[in-house]
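Visitor: I have a structure to look at and would like to know what lies behind the labels. Could you take me through them?

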Amino acid sequence: MKAGFSQDYPATLDRLWQVFGQPDYPHRKYQAQGITAYQVRKFDAAPDHISLELERTLSVPLDRIPAFA
């Protein structure tokens, strides 16, 4: 299953690239949130893209999962 979202940030594109393009960014983000059940499967940052493949385990009650999932 793939999911996507859009979000606005109060920073320049150069600043966002500088932050999100660091390989340790996902680790720092999830550690700051206290999340430990995740694994970065792939991280690639280049001048024209940032690609992240992440696996995260969540505990979700079955009645909270949408029917399409």
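Guide: Happily; here are a few labels, each set against its definition.

Guide: This is a predicted model, where local features need pLDDT of at least 70, side-chain atom pairs count only at pLDDT 80 or more, and totals for chains, interfaces and linings use all residues. Residues are numbered from 1 along each chain as its sequence is written, and side-chain values use heavy atoms, leaving out hydrogens and water.

Visitor: Why is the contact of Asp 24 and Arg 28 called a salt bridge?

Guide: A salt bridge needs a side-chain nitrogen of Lys or Arg within 4 Å of a carboxyl oxygen of Asp or Glu. For Asp 24 and Arg 28 the N to O distance is 3.1 Å, so the pair qualifies.

Visitor: What makes Glu 55 and Arg 41 a salt bridge?

Guide: Their closest N and O atoms are 2.5 Å apart, so the same cut-off is met. This pair links distant parts of the chain, with Glu 55 in strand β2 and Arg 41 in strand β1 (residues 38-46), 14 residues apart; strands are DSSP runs of E, at least two residues, numbered from the N terminus. The whole structure holds 2 salt bridges.

Visitor: Why is Leu 58 called exposed?

Guide: Exposed means over 50% relative accessible area, buried under 20%, and partly exposed in between (1.4 Å probe, protein chains only). Leu 58 has 55%, so it is exposed.

Visitor: How do you know that Glu 55 is partly exposed?

Guide: Glu 55 has a relative accessible area of 39%, so it falls in between those limits.

Definitions and conventions: Helices (H or I, at least four residues) and strands (E, at least two) are DSSP runs, numbered from the N terminus.
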